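Student: I have a new model open and I'm not sure how to read it. Could you walk me through a few features?

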Amino acid sequence: MSKKLKIKQKTEAYVSTTNACKLCKPLGACIAFRGIEGTVPFLHGSQGCATYMRRYIISHFREPIDIASSSLSEKHAVYGGGPNLKKGILNVMDKYGAKVVGIATTCLTETIGDNVSGLLREFKEEFGDKELPTLLNVSTPSYSGTHMEGFHATVRAVIDQLVTESSPTPSLQEEKAKVNLLPGLVSPADIRYLKEVLDDFNCPGTILPDISETLDAPAQMDYEKIPEGGTPIAAIQSMGHSDATIEFGQVLQRTGNSGGQLLAERNRVPLYALGMPIGLRECDRFFEALEEVSGCATPRKHQLERGRLVDAYVDSHKYLFGKRVVVYGEEDLCVGLTAFLAEIGMKIVLCASGGNSGQFQDAINAVTSDIVTEPPIVKEGFDFYEISEEIESLDPDMLIGTSKGYSLTKKQQIPLIRVGFPIHDRFGGQRMLHLGYRGTQNLLDRIVNAIIEKKQADSPVGYGYL
């Protein structure tokens with residue numbers, strides 16, 4: 001074999017990423033930690049990581065968020081970041097008075113091999129005379145996954161470190177949660193909706209994480225370093241005594257790395273593994289699970305919302321049927337959206353994600369095989385350059401995904417329905433409701449109106465009546 005041929009083979013084996021359709025793993029960890037009461041997210045790595053993630057999260061949620069950092073430099077890459085990690089935790093204790101410090105690793109500290117769990121044990125021994133916060137840690141190097149995998153890894157790590165077989169049973173004065181709800185990375189509005197649903201079922205629950213207030217707070221007269229809200233540590237510790245866990249995410253369940261599966265294995269808490277409750281079928285499964293756990297029938301309010309959604313399906317069918325749509329973004333959200341779009345008669349021509357779980361195709365097949373005659377093209381590990389190349393021959397009528405796809409829709413001159421995280425070019429991303437019959441209704445209305453607006457704008461005469 002010639003030297004020239006060897007070089008060519010090496011070049012062809014390398015695939016670069018252009019404008020990734022994903023975000024980095026520790027960013028997802030920071031959002032998850034933000035949903036735990038009294039927690040300061042802390043990145044063990046360079047200062048640039050914390051600065052980038054803080055700015056990115058603020059742009060979507062429109063809320064201030066502090067992310068502490070061990071601020072490693074070139075010297076620490078050689079000698080290790082242990083001293084800076086300990087000093088950083090002491091600074092967080094002094095400046096914030098944090099009850100909890102959530103420590104996530106980065107590419108740098110994973111590459112140099114810092115043993116964070118060991119360093120934290122040393123920290124507790126060295127400073128045991130002080131009133132120490134709860135220290136939680138998770139391994140999240142960006143090169144090993146996406147922001148969504150970092151989010152789920154953090155939820156599982158928190159459960160692993162706080163919920164043990166010997167976790168204390170809630171006292172008589174404490175209300176025992178009947179259900180643990182692990183919704184994944186959804187909006188604060190979605191979390192508030194889920195709380196409303198649990199209340200309507202008279203079903204006490206622990207939602208982990210709870211970003212409904214910490215990342216969508218009311219206006220304050222004074223800046224709060226640590227905002228109110230989040231899942232209390234005591235509530236997390238008692239999750240092993242709940243009657244059931246409901247967890248969203250078909251891809252997540254297929255990976256075997258979910259927090260709900262850990263509770264089922266370690267604490268024998270029954271697990272209801274569901275898809276994202278978007279669309280009639282997936283919402284029905286969610287409400288059926290709540291009926292079983294709570295012992296209550298679905299309240300009339302939600303029955304009426306379901307009925308109005310069915311009516312909207314009928315009314316909108318003439319606008320939606322056969323319209324070609326591309327869905328992209330985080331894997332489980334794409335699966336939930338695809339399940340819904342298949343129900344309303346749209347033709348899903350491409351489902352693309354930057355995630356690379358190996359489970360995306362099977363999850364899409366599971367929600368489409370009994371409805372569509374022509375399955376969508378499914379691509380994982382894709383970036384926006386590859387998505388752009390793919391849609392050239394697909395002639396889509398619209399795209400559904402994050403605001404990062406705007407340039408594609410501008411080029412194609414088609415609508416973009418913005419969902420998920422991040423949404424940086426529109427206002428109110430943190431208040432978008434996606435889940436349940438109500439969230440599905442909102443999404444349906446947005447899709448229909450985008451199609452009508454496009455047709456109206458393209459008409460040479462226009463029209464003012466449907």
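Tutor: Happily! This is a predicted model. Let's start with one residue and its contacts. Setting aside neighbours within four places in sequence, Thr 214 is in contact with Arg 34, Gly 35, Pro 227, Glu 228, Gly 229 and Gly 230.

Student: Where does Thr 214 lie?

Tutor: Thr 214 sits in the loop between β6 (205-207) and α10 (233-237).

Student: Is Thr 214 buried or exposed?

Tutor: Look at the relative accessible area: buried means under 20%. Thr 214 has 3%, so Thr 214 is buried.

Student: Which backbone atom lies 3.0 Å from a polar atom of the Thr 214 side chain?

Tutor: That is the backbone oxygen of Arg 34. Arg 34 is also one of the buried residues of helix α2.

Student: How many residues of α2 are buried?

Tutor: For a helix, a useful general idea comes first. An α-helix has 3.6 residues a turn, so residues three or four places apart point the same way. Now the case here: helix α2 (residues 25-34) is mostly covered, with 10 of its 10 residues buried.

Student: What do the buried residues of α2 pack against?

Tutor: Their partners are two strands you can find by number, β1 (39-44) and β3 (100-105), along with β4 (134-138) and the helices α3 (47-61) and α8 (147-162).

Student: Next, the sheet. In what order do the strands of the open sheet come?

Tutor: To read a sheet, follow the pairing from strand to strand. Here 4 strands form an open sheet in the order β6-β5-β7-β8, with parallel pairing. At the edges are β6 and β8 (271-274), each pairing on one side only. From one strand to the next, the twist averages 15°.

Student: How many bridges join β5 to β6?

Tutor: Strand β5 (residues 179-182) is joined to β6 by 3 bridges. Leu 181, for example, has Ile 207 in β6 as its bridge partner.

Student: Which helices lie across β5, β7 and β8?

Tutor: Helix α12 (residues 259-267) does, running at about 155° to β7 (244-248). Helix α13 (residues 280-294) lies across these strands too, at about 170° to β8.

Student: Which residues touch the most other members of the largest nonpolar core?

Tutor: Of its 104 residues, they are Ile 246, Phe 286, Leu 341 and Ile 447. Beyond four places in sequence, Ile 246 touches residues including Leu 181, Leu 274, Phe 286 and Leu 290. Another core lies apart from this one, with 16 residues, among them Ile 89 and Leu 120.

Notes:
Residues are numbered from 1 along each chain as its sequence is written. This is a predicted model: local features need pLDDT of at least 70, side-chain atom pairs count only at pLDDT 80 or more; totals for chains, interfaces and linings use all residues. Side-chain values use heavy atoms; hydrogens and water are left out. A nonpolar core is a set of buried Ala, Val, Leu, Ile, Met, Phe, Trp, Tyr and Cys residues joined through side-chain atoms within 4.5 Å. Buried means under 20% relative accessible area, exposed over 50%, partly exposed in between (1.4 Å probe, protein chains only). Contact means heavy atoms within 4.5 Å. A polar contact is a pair of N or O atoms within 3.5 Å; within protein, one must be able to donate a hydrogen and the other to accept it, and residues adjacent in sequence count only if both atoms are side-chain atoms. Two strands pair if DSSP finds at least two bridges between them. Axes are lines fitted to C-alpha atoms, for helices over the stretch in contact, and angles run from 0 to 180 degrees between N-to-C directions.
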